[in-house]
Amino acid sequence: MEADPRTDPRTDARTGVRTGVLTGGEALVRALAAHDVTQAFGIPGTHNLEIYRHLAAYGVRHATPRHEQGAGYAADGYARVTGRPGVVITTTGPALLNVTAAVGQAYSDSVPLLVVSPGMPLRHPRLSTGLLHEMRSQTEALRGVAALSHRVSSVAEIGAAVARAFTLFRTRRPRPVHIEVPLDLLTAAETAGPVRLAPATAPTLPDAEAVRRAARALRGARRPALVLGGGARGAATACLALAEACGAPVVTTANGKGVVPERHPLSLGVSLHTESVQKWLAGRDVVLAVGTELAESDFWSPPTALGGTLVRADLDPDQMHSGLPTDIALVGDARASLEGLLSDMGLHARVRHDIPDPRGGIDVDEVAVVRAARFSGSAARDARWIPYLRAIRAVLADDAVITSDSAQCCYYGALPHLPLGPSGRYLHPTGFGTLGYALPAALGAKVACPERQVVALSGDGGLQFTVQELATAAQLRLPLPVVVFDNGGYGEIRDEMAARGDRPTAVDLAPVDLPALARAYGGQGTRVCHPDELALALTEALRTPGPTLIAVPEETP
């Protein structure tokens, strides 16, 4: 009979989990549980059954998406809303390759994702033997998309590998890690050694002299601005306090959406990609960029040169040498950096909503003009989505989670035109720009936070990359509205072809009765043609167990 890790006397005093001789599979699950992993996503396979054997005994719940790519996106969504690493369990070969698109997206968006898989046996020959799921090198494949791929060589090494992964998540820019356990080690019983834990760490503090220089630059600025990315999320209060104290308008990247309230008079929202905001930003005398790459994926074009001083606050020192040249580098935790700035300026992380400006340098009318001009060039294009987005915003709570796809309704529609505040979250696949993210990411977010409203926004093309995850949501009985703007194919690529003067090719998809497909998967489905109808359908979907697909037909050229 197997020992129960909760009652076995051979336990580690710090964690209460078993020590001594363990199989590699149990050692892996033990190490995950020791790092407070309580949820995993994945699909059982012939080679990973020894991992699944021990999940329940160590208190690790499991959700089974219908494809490993969906498991990766679900773990990504889980990680983004909880701040804890998302865990994916795959089997060998094709299963691991299936998850690599999600690993690439997590790398691009700085998401802590841990993928664990079996690998070929320790002494597997370099020449092919025809073993099931055999491939030349799983670790080489994953090194191309993950921050680290670690193949262990003993059961005792498994705990160290997991502790190393969690140490990286806590101390560096969070990015995906892959751990491979050879097949024979998964079932081999060896001495596992003591439970290893990632050490507790304090926030990385920026250089004090750099903080003083940055504070001096902000005090003397007449035309300051803040650019906030996803790395600023943990410093939301300090960001807004600094913006209000300096009278600095705030523009965000997609990952920074909602770090400051988008209805605040100083907020320019997600508009870094617009020509008017880029021109305005180039004329600022001091720009403070927090937790953002300032990359082409943020500007949607080569980054615009700045005319003034660029202060960058980022955990990753490499960011100081990429993209636009940095004048003052604050390398460290974003919250610590901004609170250091506030302290040096004699201020506190306390938000005031009267937009104080003791220097009188901010022109509130100028901010209003920039706000009004942001989307003037795209007003005709965006008009088709805005009434529906207003209907969605009217229904959702302030802390709702919205997941997004690489779809026109999302990057032209919801990103700039659906306002959020710090208590809400908008999860979007930037940079890597995968398709099919929204639905499984929403599933992971809802598993993580079942008490919060979660809504997926997608187009018909992207949805069909992962549409099978409707079955997962139906099985879990998760209230999960999926709003799909249906333009009959790949609308963005269709428009790009037309703009080149090309004949649109391979972008028009045969019609699919998406509501009926949702019903076939065990959920609900409906079609709406007016914003009022969408509001009613969304309200009902939020209280209906299981997924509800709400299709919004769009006219196509």
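Trainee: Which residues does Thr 90 touch, not counting residues up to four places away in sequence?
Mentor: Heads-up: this is a predicted model, where local features need pLDDT of at least 70, side-chain atom pairs count only at pLDDT 80 or more, and totals for chains, interfaces and linings use all residues. Residues are numbered from 1 along each chain as its sequence is written, and side-chain values use heavy atoms, with hydrogens and water left out. Taking contact as heavy atoms within 4.5 Å, the partners of Thr 90 are Asn 48, Glu 68, Ala 95, Leu 96, Val 99, Val 115, Val 116, Ser 117 and Pro 118.

Trainee: Is Thr 90 buried or exposed?
Mentor: Thr 90 sits in the loop between β4 (86-89) and α4 (94-98). Buried means under 20% relative accessible area, exposed over 50%, and partly exposed in between (1.4 Å probe, protein chains only). With a relative accessible area of 0%, Thr 90 counts as buried.

Trainee: How many residues of helix α20 are buried?
Mentor: Helices here are DSSP runs of H or I with at least four residues, strands are E runs of at least two, and both are numbered from the N terminus. Helix α20 covers residues 469-476 and is largely enclosed by the rest of the structure. The buried ones are Glu 469, Leu 470, Ala 471, Thr 472, Ala 473 and Ala 474. Out of eight residues, that makes six.

Trainee: And what covers the buried residues of α20?
Mentor: Just past the helix comes Arg 477, with a positive phi near 60°. As for the cover, it includes both helices and strands: α3 (68-82), α18 (438-448), β18 (480-486), α22 (514-520) and β20 (547-553).

Trainee: Zooming out, what is the radius of gyration of the protein chain?
Mentor: The chain has 23 helices and 20 strands. The globule rule (2.2 Å times the number of residues to the power 0.38, with the radius taken over C-alpha atoms) gives 24 Å for 557 residues, and the chain comes close to that, so it is as compact as a globular protein of that length. Its C-alpha trace spans about 75 × 60 × 45 Å along the principal axes. The radius of gyration is 25 Å.

Trainee: What share of the 557 residues is buried?
Mentor: Among contacts with a separation of 6 or more, 73% join residues 24 or more positions apart. The buried share of the chain is 58%.
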